[in-house]
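Work through these exercises with the structure open beside you. Try each task before reading its solution.

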Amino acid sequence: MMSVNRGLLPQQKENARHGEADFPVVRYRTTLHATYQDVPPHWHEEAELTLITRGTSTYTVQLLSEDVREGDILFVPPQMLHAVTTGGAEMDSDTFVFHPNLLGAATADVCTLRYLAPLSTQKLIPPLVIRREHPLYDRLLGLIRDMNRNWETREPGWELMVKAQLLTALAWLVPYCSKDSGEM
């Protein structure tokens, strides 16, 4: 997939490996608190799907800041500068960080051409925060909870389920995407 650099600074690229080469997805359980108050501005080739499980914080994505609280769901597309700060408050979150290639973004099928490539190049921008009043919220919350269960139990086929669930999340988000790459 073609790389897009929309003014991103190379020194802000996070070089951590998210998942394995053959399964490029990982779940992070993050706790921010008084001595670890923020995640500094960074970007990477992976997307993030996050559930705030406790507390509050401020997410900044491409200079747009949103205050979030327990229960909020966030989606950060690939190659978008983002940061998190709590200002000393506490916050816990579960975040799935995944490379679009996990979902087939390296192939040239209709799903890649219409959805995965535009999401990766910011031609389709999903809502940053999905709150309880959003029509997608309950389904997406249930999906993330199921992903967490699959991640923890690791029953045979769990990798297929997580991959399918990430594709499902993206499919559900597409109707709510903005097509203007300059606006969020």
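**Exercise 1. A salt bridge across the chain**

Is Glu152 buried, partly exposed or exposed? Then find its salt-bridge partner and place both residues in the fold.

*Solution.* Keep in mind that this is a predicted model.

Step 1. The relative accessible area of Glu152 is 46%. Buried means under 20% and exposed means over 50%. Glu152 is therefore partly exposed.

Step 2. The partner is Arg29. The closest N and O atoms of this salt bridge are 3.0 Å apart. Glu152 lies in helix α2 (residues 137-153) and Arg29 in strand β1 (residues 25-32), so the bridge ties together parts that are 123 residues apart in sequence.

Step 3. Check the partner's surface. Arg29 has a relative accessible area of 52%, so Arg29 is exposed.

Step 4. Look at the total. The structure holds eight salt bridges.

**Exercise 2. Arg131 and its acidic partners**

Which residues form salt bridges with Arg131, among them one in strand β4? Decide for each residue whether it is buried or partly exposed.

*Solution.*

Step 1. Take Glu66. Its salt bridge with Arg131 has closest N and O atoms 3.4 Å apart. Glu66 lies in strand β4 (residues 64-69), whereas Arg131 lies in the loop between β8 (129-130) and α2, so the pair joins parts 65 residues apart in sequence.

Step 2. Take Asp72. This residue also forms a salt bridge with Arg131, with the closest N and O atoms 3.4 Å apart. Asp72 is in the loop between β4 and β5 (73-76), so here the parts tied together are 59 residues apart in sequence.

Step 3. Sort by accessibility. Glu66 stands at 24%, so it counts as partly exposed. Arg131 stands at 17%, so it counts as buried. Asp72 is buried, as is Arg131.

Step 4. Now find a network. Salt bridges with shared partners join Arg27, Arg29, Asp94 and Glu152 into one network.

**Exercise 3. Aromatic rings and charges**

Which residues form a ring cluster through aromatic pairs? Describe the geometry around Trp151, then look for charges over rings.

*Solution.*

Step 1. Identify the cluster. Ring pairs link Phe23, Phe96, Trp151 and Trp158. The structure holds five aromatic pairs.

Step 2. Examine Phe23 and Trp151. Their rings are stacked, 6.5 Å centre to centre, with 20 degrees between the planes. Phe23 sits in the segment before β1 and Trp151 in helix α2, 128 residues apart.

Step 3. Check burial. Phe23 has a relative accessible area of 14% and is buried. Trp151 is buried at 9%.

Step 4. Turn to Trp151 and Trp158. The ring centres are 5.2 Å apart and the planes are at 85 degrees, so this pair is edge-to-face. Trp158 is buried too, with a relative accessible area of 10%.

Step 5. Add the charges. The charged end of Arg154 sits over the ring of Trp151, 5.0 Å from its centre. The charged end of Arg139 sits over the ring of Trp172, 4.4 Å from its centre.

**Exercise 4. The nonpolar cores**

Which element supplies the largest share of the largest nonpolar core? Trace the contacts of Leu140.

*Solution.*

Step 1. List the hubs. The largest core has 33 residues, of which Leu49, Ile73, Phe98, Leu140, Trp151 and Leu166 touch the most other members.

Step 2. Assign elements. At least two residues come from each of β1, β3, β5, β7 (91-98), α1, α2 and α3. The largest share, seven residues, comes from α2.

Step 3. Follow Leu140. Setting aside neighbours within four places in sequence, Leu140 contacts Ile73, Ile130, Ala169, Trp172 and Leu173.

Step 4. Find the other core. A second, separate core of 13 residues includes Val68, Leu74, Met80 and Val84.

**Exercise 5. Helix α1 and a histidine pair**

Against which helix do the buried residues of α1 pack? Inspect both ends of α1, then find the polar contact of His44.

*Solution.*

Step 1. The buried residues of α1 (residues 110-120) are Thr112, Leu116, Pro118, Leu119 and Ser120. They pack against α3 (158-173).

Step 2. At the start of α1, a side-chain oxygen of Asp109 comes to within 3.2 Å of the backbone nitrogen of Cys111. After α1 comes Gln122, with a positive phi near 60 degrees.

Step 3. His44 lies in the loop between β2 (38-42) and β3 (47-61). At 1% relative accessibility, His44 is buried. Its side chain makes a polar contact of 3.5 Å with that of His82.

Note on methods
Residues are numbered from 1 along each chain as its sequence is written. This is a predicted model: local features need pLDDT of at least 70, side-chain atom pairs count only at pLDDT 80 or more; totals for chains, interfaces and linings use all residues. Side-chain values use heavy atoms; hydrogens and water are left out. Buried means under 20% relative accessible area, exposed over 50%, partly exposed in between (1.4 Å probe, protein chains only). Helices (H or I, at least four residues) and strands (E, at least two) are DSSP runs, numbered from the N terminus. Contact means heavy atoms within 4.5 Å. A polar contact is a pair of N or O atoms within 3.5 Å; within protein, one must be able to donate a hydrogen and the other to accept it, and residues adjacent in sequence count only if both atoms are side-chain atoms. A salt bridge is a side-chain nitrogen of Lys or Arg within 4 Å of a carboxyl oxygen of Asp or Glu. A nonpolar core is a set of buried Ala, Val, Leu, Ile, Met, Phe, Trp, Tyr and Cys residues joined through side-chain atoms within 4.5 Å. Rings of Phe, Tyr and Trp (its six-membered ring) pair if their centres lie within 6.5 Å; planes under 30 degrees apart count as stacked, over 60 as edge-to-face and the rest as tilted. A charge sits over a ring if NZ of Lys or CZ of Arg is within 6 Å of the ring centre and within 35 degrees of the ring normal.
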